[in-house]
Amino acid sequence: MAEVQLEKVNKIFPNGFHAVKDADFVIQDKEFLVLLGPSGCGKTTTLRMIAGLEDITSGVVKIDGKVVNDVEPKDRDIAMVFQNYALYPHMTVYDNMAFGLKLRKTPKNEIEKRVREAAKILGIEHLLDRKPKQLSGGQRQRVAVGRAIVRNPKVFLFDEPLSNLDAKLRVQMRSELKKLHQRLEATIAYVTHDQVEAMTMADKIVIMHEGIIQQVGDPFDVYDHPANLFVAGFIGTPPMNFLPARVVKQNGFWLKGDGFSIKVPDDKAHLLENYVDKDVVFGVRPEDLTEKSQSKVADETNTIITTVDVVEPLGSETLLHVTVGSNQFITAKVSPQTRAKVGEKFNIVIDLEMIHVFDKETEKAIF
Ligand code: ATP
């Protein structure tokens with residue numbers, strides 16, 4: 001068993017900066033949890049508090065039900081993999097991997113067994129005699145992971161381990177780490193600012209912004225049901241489109257704005273009862289917009305007229321950047337067969353089942 005629990009954890013640095021505010025979440029046994037958010041939102045600080053590398057200002061961190069606030073990092077049974085790998089340059093790969101075990105006075109034959117096993121899992125057996133400077137970025141990354149594996153810790157903490165790798169290697173290491181998680185049945189907390197990394201690897205995502213947790217959920221939860229404008233705009237590429245709108249009740253509920261008027265599906269309409277004649281934010285993802293000629297359901301309740309600004313073919317799909325009304329820009333992800341031409345009028349059909357509406361004041365999702 002390895003479960004990590006944070007209860008109302010706060011970090012205020014000596015200069016008074018409040019970096020983490022009331023962090024409250026659980027990393028379940030064998031779960032791959034990703035802490036996601038923009039630079040400076042408090043992810044690393046949260047991870048370092050779990051590791052014991054940073055004092056906790058208030059709140060409680062528990063591992064397997066036991067409060068560890070005052071337990072030394074080395075006694076927490078946690079292994080951390082850092083962004084810069086923190087390998088010892090003068091030691092071989094073997095010695096780098098063995099170092100933590102030697103410190104713990106593990107018998108030599110046991111060290112040898114564990115290092116060779118980990119090296120096999122990671123495909124770096126042939127590199128054991130090399131020094132770090134004789135390795136590529138991806139190989140160094142594997143050694144850093146290997147050093148964590150040999151310790152067989154209760155919990156692995158990863159702090160942006162892929163950010164120093166080139167794009168292709170990052171994609172490869174992403175799936176390797178995921179496989180490794182399944183193989184080791186490990187409990188993992190993983191920090192990244194890359195939402196694709198989070199979506200592809202996580203069992204559970206904790207989204208942070210300015211020290212505050214915005215939402216905790218599985219990747220589909222946070223994608224399909226973002227709790228607020230921040231999460232809606234942060235998860236998804238290209239990001240969700242937002243347009244200011246007013247709720248109008250007139251043979252049902254409508255969202256009306258500059259250049260569009262669309263009908264809210266009946267099953268969601270009641271959620272807008274308190275917003276009639278009020279301003280809200282209407283959100284729709286680029287992939288929930290279709291070219292009218294490709295849609296079987298186009299009518300006056302779901303179609304808007306736009307002007308095409310930029311056509312961006314990506315091969316498997318095409319991104320259209322279009323203007324709605326006088327001066328609002330949105331993006332649609334459409335079929336590569338699109339006939340859209342720059343400067344021309346273009347009819348777009350909105351999948352009404354997939355629309356989002358946010359409270360303008362609180363920025364929270366209404367649905
Ligand atoms: P990044 O992705 O850039 O690493 P992060 O989300 O991991 O960002 P943290 O490193 O946790 O962010 O930092 C959170 C905030 O706390 C930042 O604004 C940072 O400047 C601040 N901070 C970090 N360490 C200290 C410190 N020792 N004293 C004061 N402020 C600090």
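In this predicted model, the ligand is surrounded by 13 residues, and the closest of these are Phe 13, Ala 19, Ser 39, Thr 44 and Thr 45. By character, the shell around the ligand holds 8 polar residues, 4 nonpolar residues and 1 charged residue. Among the structural elements, helix α1, which covers residues 43-51, gives the most to this shell, with 3 residues.

Helix α1 deserves a closer look, as two of the residues closest to the ligand, Thr 44 and Thr 45, also appear among the buried residues of this helix. Burial within α1 takes in Lys 43, Thr 44, Thr 45, Thr 46 and Leu 47, together with Met 49 and Ile 50. Because 7 of its 9 residues are buried, α1 is largely enclosed by the rest of the structure. Readers tracing the backbone onward will meet Gly 52 just after α1, where phi is positive, at about 90 degrees.

Stepping back to the protein chain as a whole, the secondary structure amounts to 9 helices and 20 strands. The C-alpha trace spans about 75 × 45 × 35 Å along its principal axes. Of the 367 residues in the chain, 36% are buried. Contacts across the sequence are well represented: among contacts with a separation of 6 or more, 65% join residues 24 or more positions apart.

Helix α2 (residues 93-103) offers two packing arrangements to compare, one with helix α4 (residues 137-149) and one with helix α3 (residues 108-122). With α4, the packing angle is about 30 degrees and the axes lie 8 Å apart. The two helices, α2 and α4, are therefore roughly parallel to each other, and α2 passes α4 in a right-handed crossing. On the α2 side, the contact is made by Val 93, Asn 96, Met 97 and Gly 100, which meet Val 143, Gly 146 and Arg 147 of α4. The residues of this contact divide into 3 nonpolar, 3 polar and 1 charged.

With α3, helix α2 packs at an angle of about 135 degrees, and here the axes are 10 Å apart. The helices α2 and α3 are therefore oblique to each other, and the crossing of α2 past α3 is right-handed. The contact brings Tyr 94, Met 97, Ala 98, Leu 101 and Lys 102 of α2 together with Ile 111, Arg 114, Val 115 and Ala 118 of α3. Its residues comprise 7 nonpolar and 2 charged, with no polar ones. Met 97 takes part in both arrangements, meeting residues of α4 and of α3. As a reminder for viewing such helix faces, an α-helix has 3.6 residues a turn, so residues three or four places apart point the same way.

Among the strands, β10 (residues 212-217) contains Gln 214. This glutamine counts as buried because 20 C-beta neighbours lie inside 10 Å of Gln 214, and the cut-off for burial is 20 or more. Leaving aside residues up to four places away in sequence, Gln 214 touches Ile 207, Met 208 and His 209, and also Ala 227, Asn 228, Phe 230 and Val 231. For one of these partners, Val 231, the separation from Gln 214 is 17 residues in sequence and 7.1 Å in space, taken from C-alpha to C-alpha.

Technical notes: Residues numbered from 1 in each chain as written. Predicted model: local features only at pLDDT ≥ 70, side-chain atom pairs only at ≥ 80, totals over all residues. Helix = DSSP H or I, 4+ residues; strand = E, 2+ residues; numbered from the N terminus. Buried ≥ 20, exposed ≤ 12 C-beta atoms within 10 Å, placed from the backbone. Contact = placed C-beta atoms within 7 Å. Near = placed C-beta within 6 Å. Nonpolar A, V, L, I, M, F, W, Y, C, P; charged D, E, K, R; others polar. Axes fitted to C-alpha atoms, helices over the stretch in contact; angles between N-to-C directions. Parallel < 35°, antiparallel > 145°, perpendicular 65-115°, else oblique. Left-handed = near helix turned anticlockwise from the far one by under 90°.
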